[in-house]
Amino acid sequence: MTIYTNMPLELVFEGMNDESAQIQEVWYSGVRMQVTPVAPGMGKIVRLIDCSLNDYLNPNLMPGMIVHYN
């Protein structure tokens with residue numbers, strides 16, 4: 001892996017070895033996504049996995065938004 005950056009490597013790799021949060025794959029409004037659970041049936045969007053291109057423009061599906069799923 002080659003990284004071209006003018007940032008110090010300590011900042012680039014900060015948190016790389018930290019224990020990551022539990023990530024789940026869920027379906028919400030016909031979109032498969034990865035979320036980190038924040039409460040039972042609720043999660044914060046990490047990334048979209050299986051969706052149409054228009055779903056990337058939906059502000060309700062932005063990473064960091066909270067969704068309710070079952």
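Let's start inside this predicted model with Q34, which is buried at a relative accessible area of 15%. The cut-off for that word is under 20% relative accessible area, so Q34 qualifies. Where does Q34 sit? Its place is in strand 2. And what does Q34 touch, once residues up to four places away in sequence are left out? The contacts are I23, Q24, E25, K44, I45, V46, R47 and I49. Of these, Q24 and E25 belong to strand 1, which covers residues 24-28, while K44, I45, V46, R47 and I49 fall in strand 3, residues 42-50.

That brings us to the sheet. Four strands make up an open sheet in the order 1-2-3-4, with antiparallel pairing. Strand 1 and strand 4 (66-68) stand at the edges with a single partner strand each, so each of them has one side without a neighbour in the sheet. On average, neighbouring strands here are turned by 55° against each other, if you ignore direction.

Now walk along the pairings. Strand 1 and strand 2 (residues 31-39) run antiparallel and share five bridges; V26, for instance, has M33 as its bridge partner in strand 2. The hairpin these two strands form has two residues between the strands, and S29 takes a positive phi near 55° there.

Next door, strand 2 pairs with strand 3 over seven bridges, again in the antiparallel sense. In this pairing P37 stands opposite G43. These two strands also form a hairpin with two residues between them, and G41 in the turn has a positive phi of about 80°.

G43 then carries us onward, since its bridge partner in strand 4 is V67. Strand 3 and strand 4 are joined by three bridges, antiparallel as well.

Back to E25, one of the contacts of Q34. How many salt bridges does the structure hold? There is one, and E25 forms it with R32, the closest N and O atoms being 3.2 Å apart. Side chains of opposite charge can pair when their charged atoms come close. Are the two ends buried or exposed? Neither word quite fits: E25 is partly exposed, with a relative accessible area of 47%, and R32 is partly exposed too, at 28%.

Last stop, the N-terminal stretch. Here M1, I3, M7, L9, L11, V12, F13 and M16 make a nonpolar surface patch of about 810 Å². One of its members, L9, lies in helix 1, residues 9-12.

Key. Residues numbered from 1 in each chain as written. Predicted model: local features only at pLDDT ≥ 70, side-chain atom pairs only at ≥ 80, totals over all residues. Heavy atoms only, no water. Salt bridge = Lys/Arg side-chain N within 4 Å of Asp/Glu carboxyl O. Buried < 20%, exposed > 50% of the residue type's maximum accessible area, 1.4 Å probe, protein only. Patch = residues over 30% accessible without salt bridge, like charges linked within 9 Å, V, L, I, M, F, W, Y side chains within 5 Å. Areas by Shrake-Rupley, 256 points an atom, 1.4 Å probe, with all protein chains shown as cover. Pairing = 2+ DSSP bridges. Contact = heavy atoms within 4.5 Å. Axes fitted to C-alpha atoms, helices over the stretch in contact; angles between N-to-C directions.
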